[in-house]
Amino acid sequence: VLVVFGGLLGIAAQLGDLFESAVKRRFGVKDTSDIIPGHGGVLDRVDGLLAAAPLAALGVWTGVVRPWP
């Protein structure tokens, strides 16, 4: 179960990255902020996390994944 769920989290993270890149392309923005120069901004550092974290929380909340024994 954990291997499948981990794979789903990886896919969700990649989709989050692609979605954020598509939004930036749509609005013609290169960087989302100047806090981390040359790295695309803060959103480029956490876009995958923003997509995967709710899925992980849902998995724990529904009992599909148990983070503790």
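## How the two helices cross

In this predicted model, helix 1 and helix 2 cross each other in a right-handed sense. Helix 1 covers residues 2-27, while helix 2 covers residues 42-62. Two packed helices are described by the angle between their axes and by the distance between those axes. Here the axes of helix 1 and helix 2 come within 8 Å, and they cross at roughly 140 degrees. Angles over 145 degrees would count as roughly antiparallel, and those from 65 to 115 degrees as roughly perpendicular; helix 1 and helix 2 are therefore described as oblique to each other.

## Residue pairs between the helices

Several pairs of residues that stand well apart in the sequence can be followed from one C-alpha atom to another. Ala52, which lies in helix 2, is separated from Ala12 by 40 residues in sequence, yet the two C-alpha atoms are 5.3 Å apart in space. Ala52 counts as buried because its relative accessibility is 13%, and the cut-off for buried is under 20%.

Ala13, whose place is in helix 1, can be paired with Leu50: these residues are 37 positions apart along the chain, and their C-alpha atoms are separated by 7.8 Å. With a relative accessible area of 22%, Ala13 is partly exposed. Gly10 is also found in helix 1, and it is 39 residues from Leu49 in sequence, with 9.7 Å between the C-alpha atoms. Gly10 has 35% relative accessibility, so it too counts as partly exposed, since that class lies between the limits of 20% and 50%.

## A nonpolar patch on the surface

The surface of the model also carries a nonpolar patch of about 500 Å², which is made by Val4, Leu8, Ile11, Leu15 and Leu18. One of these residues, Leu15, is found in helix 1, the helix that also holds Gly10 and Ala13. Is Leu15 buried or exposed? Leu15 has a relative accessible area of 52% and is therefore exposed, because the cut-off for that class is over 50%.

How values were computed:
Residues are numbered from 1 along each chain as its sequence is written. This is a predicted model: local features need pLDDT of at least 70, side-chain atom pairs count only at pLDDT 80 or more; totals for chains, interfaces and linings use all residues. Side-chain values use heavy atoms; hydrogens and water are left out. Patches are made of residues with over 30% relative accessible area and no salt bridge: like charges are joined within 9 Å, nonpolar side chains (Val, Leu, Ile, Met, Phe, Trp, Tyr) within 5 Å. Accessible areas come from the Shrake-Rupley method with a 1.4 Å probe; for residues, only the protein chains shown count as cover. A salt bridge is a side-chain nitrogen of Lys or Arg within 4 Å of a carboxyl oxygen of Asp or Glu. Helices (H or I, at least four residues) and strands (E, at least two) are DSSP runs, numbered from the N terminus. Buried means under 20% relative accessible area, exposed over 50%, partly exposed in between (1.4 Å probe, protein chains only). Axes are lines fitted to C-alpha atoms, for helices over the stretch in contact, and angles run from 0 to 180 degrees between N-to-C directions. Angles under 35 degrees count as roughly parallel, over 145 as roughly antiparallel, 65 to 115 as roughly perpendicular and the rest as oblique. A crossing is left-handed if the near helix is turned anticlockwise from the far one by less than a right angle, and right-handed if clockwise.
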